[in-house]
Amino acid sequence: MKHEEKEADDNVSTVVQIVLLGFSEISNFQGFLPGVFSIIYMVILIGNSLIFIITKLDPELHKPMHFFLAHFSILEICYVSITLPRILVSLWTKDRRISLLSCATQLCFFLVLGTAESFLLAVMSYDRYLAICNPLHYPLIMNPKKCHLLAAGSWLGGMPVQIGQTCQIFSLHFCHTNQINHFFCDIPPILKLACGDTSVHEASVYVVVILVGAVPFMLILVSYTKIIATILRLPTAQGRTKAFSTCSSHLLVVVLFFGSASITYFRPKFSHSAGTEKLLSLFYTIVTPMFNPVIYTLRNQDVIAAFRRLLFKT
């Protein structure tokens, strides 16, 4: 495999192009993986597109909860499109090289969209909190203007921080090797390429993760604590079942996304192994977006009913 490097003034080789090793260690499955990832990508595109189309076409779903669900579906398509097409190209062409600029661009979009997903999940939990705990004022608080502002804030809120973090990471001097044992440009494997002490950069990464990940997650926990307390006080079992069914799908997605992502970024450095990193990254970058349409469809009776109405019309 060709190594693309140049000699610096201090005779230390400086990386100018990166090789993403991806899944090269499982050579027996190289002919099998492109088909698997192609099917997964199509499932993600079709499933999330269907949810977006249904929520836009069916008047019964013109509610704040489904408005945010439509945004979440589009976000999932964008999020997975940062990594999966690159994986497919690498598997088909056997060319695993990527320039530093392309790597920085991929990381930046990945972080910005990941932050947007974290914020949007927090907004969706806030929406469920208002709907269940404050139903009388819910239509007034979650008016169309407020919904659009919350959605825009989710998409754009993390952009300045993550662009700054990407610039900070790629201002480092890379000299150890030009190989990353990963399938996309993520922070932990990139920092392994850096020369010298990276403890300051690692600390800044933890601070950013706390701001854009841990804080929204804590807000979600607070919202669901109050939601569950309110549901348990409902007088009828039917009311409790209906209220919980509107939240269970969102809660499951929260656990899948934040669980795998937090393990990836909060694990101690000495416990980082390439195999574990790739497995966890696969989970929150590809597996979770693939199951989201299934989770929201099967657990949401309004979406199921709207899908049936759409089928009968066509």
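**Exercises on a predicted model**

The mean positions of the 23 positive and 17 negative charges of the protein lie 14 Å apart, where Lys and Arg count as positive, Asp and Glu as negative, and His and the chain ends are not counted; each charge is placed at NZ of Lys, CZ of Arg, CG of Asp or CD of Glu. The model is predicted, so that local features need pLDDT of at least 70 and side-chain atom pairs count only at pLDDT 80 or more, while totals for chains, interfaces and linings use all residues. Residues are numbered from 1 along each chain as its sequence is written, and side-chain values use heavy atoms, with hydrogens and water left out.

**Exercise 1.** Determine whether the radius of gyration of the protein agrees with that of a compact globule.

*Solution.* Begin with the rule, which is 2.2 Å times the number of residues to the power 0.38, the radius being taken over C-alpha atoms. For 314 residues this gives a value near 20 Å, and because the protein has 22 Å, the two agree. Then add the spans of the C-alpha trace along its principal axes, which are about 75 × 45 × 35 Å.

**Exercise 2.** Describe the surroundings of Ile141.

*Solution.* First, place Ile141 in helix H5, residues 138-141 (helices are DSSP runs of H or I with at least four residues, numbered from the N terminus). Next, list its contacts (heavy atoms within 4.5 Å): leaving aside residues up to four places away in sequence, Ile141 touches Tyr126, Leu130, Asn134 and Lys146. Finally, take Leu130, 11 residues from Ile141 along the chain, and find their C-alpha atoms separated by 8.3 Å.

Terms used. Helix = DSSP H or I, 4+ residues; strand = E, 2+ residues; numbered from the N terminus.
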